Amino acid sequence: MIRHVTTLFVAHLRDERRAGEVMLVIVPFGTVALLVVPMAVGIDTPLLDRIGPGMFWVVLLLFGTIVTQRQSASLGESRRDMLTLLGVDPAVRFVAAALAAALLLTVFAVVIGAVTFVLYDPEVVDPGWLAAIVPLTCAGIAMVGTIAGNVAGGLGTRSSLAPLLVVPIAVPILLAGAQATEGLRMGLGILRWILLLSVVDIVLALAGVLTARPLEES
Amino acid sequence: MLGLLRVMATLLRPASGTGTVLGARLATPEVESIRPRIGFVAHDPALAPHLTLAENLYLVAALAGATRVAADRALADVGLAGAARRRVVHCSNGMRRRAEFARMLLIGPSLLLLDEAHVGLDPEAFRLVAHVVAEVTGRGGAAVLVSHERERAAAMIERAVEVRDGTLAEVAP
Amino acid sequence: MIRPLEIAAGLMLATALVLGLVVPPDAVQGDLQRIMYVHVPSAWLAYLSFAATLVAGVAYLKTRRMRWDHIAGASAEVGVLFTGLALVTGSIWGKPVWGVWWTWDARLVLTAVMFFVYLGYLALRRSFDDPETRARRAAVYGIVAVAQIPLVHFSVVWWRGLHQPPTLLRPGDPQIDGPLLAALLAAVFAFTVVYAALVSRRAEIARLEDLLAAPSADETVAGSGVSAPPIVRDTR
């Protein structure tokens, strides 16, 4: 099973490297969004410093959802059938897709984070904690996105439907990430948010794995 | 007919009725043990568009427990040795279909299901279909071919059924 | 054909609304408070519908009987209606009290999130032609979404807890006197019966819609409506 996960995981990443959609399309899209916000709210430096981290999380959630759709987008019905016949467990498929999405999202987050830092000049306190918070949020978004992609799979409207499916239930992830960074800045304890993120991730992982098979069976 | 073929491939549950495929009853957990013995070539090739033909076959090999050498050999058998490093998006429909047959040769199924697999193939490639079918039946397996081109398919088959008014009727091949 | 349940629901609803209008007004908020008799039951139904959608979805996955899917979809539709009603009445109630149409009160935010989860669920359902695919996918999404709701609740409550809100009159739980409490309970009960009537009727309509959409006998043998027909020998 682990072997199957790694094989599929590598295949997803290779596919993305060749297609280049995350790095060449979604990252620029996210960057443009960050660029456009000050145009709308004003370039008052203290204001941008205040909202910078929040904008990072919003862009990560909204555009990150598109990143997570890549994995299910590339898997047509024929390929899914082939994997089923090869005996690949649907749960394995979920794990591989979610892992690949999480990795891509983390890369996305790092780039977007750098852009936010440059454009908004936010005060960054205890960046070490970010190394824990960002991957946890990316894992959560990746899992919700993968589940949403599988649930909406095979639809032409997937591109507009997936964000609607993802964003409301990803609220805890967004809040945890944003409140944790805010908490760091204000010197408050952020352990509860890390805890919440961990619980969310565990719940989503269980949900993804347990619903993978019922979802597949026709 | 795709629906019926997918039911035979154990990919779709019949809404009613029962059946057995390779000794496993449909719509029961028994199908999981026989699935690796089924080879299914759908209308759309099951290929990752941005990977090369070889990478696609290697992926199948890795999941099916076969070797890369066997994958290379399968590609050579269908005449794609030269194009193995080409990405699927840069391959013609004919090449993609051949790659599907390479996949069938690689996994060596006991039950081969072909959905209009020879559509759009030149006579040379069509012989490939016959070759793959013969491979399977020669090993004691069975092949089910869905086709609108009765004459073309006639040479390969032993029995033929037609769908008429929602029921199957056996006809002379 | 009007069913007994629907007649009962109509009568109870009328009674509850009349009660809501005749009981004494609240000592502090006056007649404005009467909107509570619509707001609170609506909020209750928002949660009830959610739970019912989850349960029906699980029941579908276990039994694969379409009836559960019809109930799940009907419950979600009714749920989104009452969630919207809860939000709107909450807003109308809040404006004179708080001075704004919206405040970031934890419960309001949670209700708003639920509203969008419903919308997503219904949008998902609308996207499928095949009833069984729809049922399966919607059931899974329903389970995942509802599993997240407690976590959404915690995150929102913790969030709002960090920023001390101004002391507001919380419309949700004033101290309630006997007659007002009775009227409120009557309203909750009546709305629940209305919910049952609406879901029942809507599920029936859904069943008929699926029947209409089912492939007919002479369509090509494709999709999931396949059974193994007899093989008839035919020499030609």
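Let's start at the surface: chain A exposes an accessible area of about 8600 Å², and 72% of that area belongs to carbon and sulfur atoms. The areas here follow the Shrake-Rupley method with a 1.4 Å probe, and for residues only the protein chains shown count as cover. Keep in mind that this is a predicted model, where local features need pLDDT of at least 70, side-chain atom pairs count only at pLDDT 80 or more, and totals for chains, interfaces and linings use all residues. Side-chain values use heavy atoms, without hydrogens and water, residues are numbered from 1 along each chain as its sequence is written, and chains are lettered from A and ligands numbered from 1 in the order in which they are written.

Now for the fold. Chain A has nine helices and zero strands; these are DSSP runs, numbered from the N terminus, with helices being H or I of at least four residues and strands E of at least two. The C-alpha atoms of the chain fill a box of roughly 60 × 35 × 25 Å along the principal axes.

What share of the 218 residues of chain A counts as buried? The figure is 56%, where buried means under 20% relative accessible area, exposed over 50% and partly exposed in between, with a 1.4 Å probe and protein chains only.

To zoom in, take A:S78, which sits in helix α4, spanning residues 77-85 of chain A. This serine counts as buried, because its relative accessibility is 12%. Apart from neighbours within four places in sequence, A:S78 is in contact with B:A42, B:D44, B:P45 and B:A46, contact meaning heavy atoms within 4.5 Å.
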